[in-house]
Amino acid sequence: MMMKSNKIFSILISALLVTLIAVVLVTNKQKIDRKSQISLEMNVVIPVNVTQARWTEVNPPIAATGRIVAEKSLTIASKSQGTVVEKYRKTGDRVTKGTPIVKIEDRLIREDLRVAESNHAKAKKDMERYASLQKDGIVTKTETEAVELTLKSAEQRVFDLKDRLQNTLLVAPASGVLENVMIEEGSLVTSGMAIAETVDPSRLKMEIFVTEKEVVRLKHGQQASVKSDVFADRTFEGTVSRISIQGDEAVSYKVEIDIPVSEDLKPGMFAEVEIKPDLTAVEKKRLVIDRRCIVGGLKEPKVYIISEDKAHLRSIVIGNVTDDCVEVLSGLTENEVVVFDGQINLTDKSNIKVMNL
């Protein structure tokens, strides 16, 4: 029995020793692997292509989408109230200034005018008679002044009714083409009601909105290139004619561009415009880098700077962005070497090898 117990004890001791040896071997192997991995990572060299930050002229065009409208577009509104008895013109008719458009019923106004003119004539005679009687001392000055007041009131009544009568004939306020004639014979119109528009298609303009950074680069008379999807292969020339001095709530500024007479462009069309402002002394030289250098997106731009065969990640502040260049406002200096190809494999302080220098 004693021999059996000793045998079991010996087996347990042996198993424990084997286990300890295995644990030590595994631990040593893990330490060796970690050291090898660190050594490998430290010695990895990542190939990259680089460029340099440089000073250059940057003058990106101001691009915007807007609507082409007529230079002169006027609404014809009724100044009278009543029923339309005659309609002389329809939508699409070409008119000149003063062309009759519609006639509103005026019978009651004419009757009131006839009575007012009669009252005016009577008041005028009364005034002449009282003036003569005052000279003879028969009536007082106060009585004469009362008659004079009646005469002026009668004159004003005649004037007002003639004006109302004239307003029953609605005419074109300017030459152009009639648009949106909204009434027919028998329609009831009220004072202030819009009945039509006149549009002058011989003079066109384009209305756009630009940002506060863009508006300071614009000047009256600058040339603009206008394109419409309807005429994709054509470019129409324009000129900046008006720049708003005050922005709206979104800090956008309205800009108008005059467009020469064209048989193709029509009011209401949408178009794209490009304006290339003149360079100012401040804008003539700007620090730029290749757009491919940017990592992390344009909202939080970063670049990899090369120094002593290592890539250092750095945040920068950018300005204008074109198709292939980015203006750098701060964070870089001229001739600093920046990675533009190979960033996908880089981390801060990675070892690198420049392939294009």
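**Exercise 1. Find which strands pair with E3, and in which sense.**

Strands here are DSSP runs of at least two residues, and helices, H or I, of at least four, numbered from the N terminus. Two strands pair if DSSP finds at least two bridges between them.

- Step 1. Take E3, residues 62-77, and E14, residues 270-275: six bridges link them, in the antiparallel sense.
- Step 2. Check one position: Thr 65 faces Glu 272 in E14.
- Step 3. Turn to E10, residues 194-210: E3 and E10 run antiparallel and share 10 bridges.
- Step 4. Check again: Thr 75 lies opposite Glu 197 in E10.

The model is predicted: local features need pLDDT of at least 70, side-chain atom pairs 80 or more, while totals for chains, interfaces and linings use all residues. Residues count from 1 along each chain as its sequence is written, and side-chain values use heavy atoms, without hydrogens and water.

**Exercise 2. Classify the pair formed by Phe 231 and Phe 236.**

- Step 1. Apply the rule: rings of Phe, Tyr and Trp (its six-membered ring) pair with centres within 6.5 Å; planes under 30 degrees apart are stacked, over 60 edge-to-face, the rest tilted.
- Step 2. The ring centres of Phe 231 and Phe 236 are 6.1 Å apart and the planes stand at 70°, so the pair is edge-to-face.
- Step 3. Phe 231 and Phe 236 are both buried (under 20% relative accessible area; exposed is over 50%, partly exposed in between; 1.4 Å probe, protein chains only).

**Exercise 3. Locate Asp 106 and decide whether it is buried or exposed.**

- Step 1. Asp 106 sits in the loop between strand E6 (100-104) and helix H2 (107-135).
- Step 2. Its relative accessibility is 12%, so Asp 106 counts as buried.
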